[in-house]
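Hi everyone, thanks for making time. I'd like to walk you through one structure today, so let's get it up on the screen.

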Amino acid sequence: MQVRSITLVRHGRTAYNKAGRIQGWVDIPLDTTGRWQVGQTGRALRDLYVTPEPAARQLVVASDLKRAQQSAHAFADPLGLDVHVDERLRERHFGDWEGMSMDELRAAFPDDFDLWTHGLGGEMRHHAESHTHAGTRGWDALRDWSHRAGPDTDLFVFSHGALIENTIQVMYGIGERFPDFVSITSMRNAHWTRLVDARIGEDDRWILVDYNHGPARADTTAWDGPGAPRAQGE
């Protein structure tokens, strides 16, 4: 038996996101705008996917990095749900580049930066984790948690942009079947991807029904632009 749906949610904005810095395994919290974003997203997820059926259940899992856990609690706490933590869901590791800004990387490593931005692996020369390794551990975590509950349960997973992207690539064999395909689009802060059970009598078969979806306000400048809440000093 497996759950009936999986919703993968990227964390809200952090100070590193705002500054254009590589986060990876750097464990920093959401900023004021990020906390507001996950509040909006948590409410949207509850309204859309938490059904009133008496038998319906929700299982919530998060990366062990605090920005993902904060995002999970924004969804789970109003429902009185526990947040389970799994380090397999933490962000892709970016090696020596973690903490550096785009401008710093472009100045220090122009050739490798150009290769990275074109999906050609320049970051791998600086001890970054491979897309396949990150996606495989993400897929392992999803398979594990999806079998810890039955078909009356919806699984909500709060993780990170690159990890979610790489997990989807591994699940659907994108890199293997289409070697010249660079990537799927990056997830925005506090956006989600949704998978539903294919219902063909086989485990670990999922239909991708939504990708990089957000609340209605995410399509306005209020999401992370001039209209978004600001922390003091930002």
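Let me start with a question: is Arg 90 buried or exposed? Before I answer, one caution, which is that what you're looking at is a predicted model. Okay, so Arg 90 is buried, and its relative accessible area comes out at 17%. The cut-off for calling a residue buried is under 20%, so a value of 17% makes it in.

What does Arg 90 pair with? Its side chain meets that of Asp 64 in a salt bridge, with N to O at 2.5 Å. Now look at where the two partners sit. Asp 64 is in the loop between strand 2 (57-62) and helix 3 (66-76), while Arg 90 is in the loop between strand 3 (83-85) and helix 4 (102-108). They're 26 residues apart in sequence, so this pair ties together separate parts of the chain.

That's one salt bridge, and a search of the whole structure turns up 14. Let me show you a few others, around Arg 88.

Arg 88 has a salt bridge with Asp 86, where the closest N and O atoms are 2.7 Å apart. Arg 88 also has one with Asp 144, again with 2.7 Å between the closest N and O atoms. That second pair links distant parts of the chain: Asp 144 belongs to helix 6 (residues 131-146), Arg 88 to the loop between strand 3 and helix 4, and they are 56 residues apart. Bring in Arg 148 and you get one network, with Asp 86, Arg 88, Asp 144 and Arg 148 joined by salt bridges that share partners.

How exposed are these residues? Asp 86 is buried, at 7% relative accessible area. Arg 88 is partly exposed at 27%, and Asp 144 is partly exposed too, at 26%.

Last stop, please: the loop between strand 5 (192-197) and strand 6 (206-213), which is where you'll find Arg 199. What's the phi of Arg 199? Near 55 degrees, so to speak on the positive side, in a residue other than glycine. Arg 199 is exposed, with 61% relative accessibility.

Asp 204 is in the loop between strand 5 and strand 6 as well. Its phi is near 60 degrees, another positive value in a residue that isn't glycine. Asp 204 is partly exposed, at 27%.

That's my tour. Happy to rotate the view if anyone wants another look.

Note on methods: Residues numbered from 1 in each chain as written. Predicted model: local features only at pLDDT ≥ 70, side-chain atom pairs only at ≥ 80, totals over all residues. Heavy atoms only, no water. Helix = DSSP H or I, 4+ residues; strand = E, 2+ residues; numbered from the N terminus. Buried < 20%, exposed > 50% of the residue type's maximum accessible area, 1.4 Å probe, protein only. Salt bridge = Lys/Arg side-chain N within 4 Å of Asp/Glu carboxyl O.
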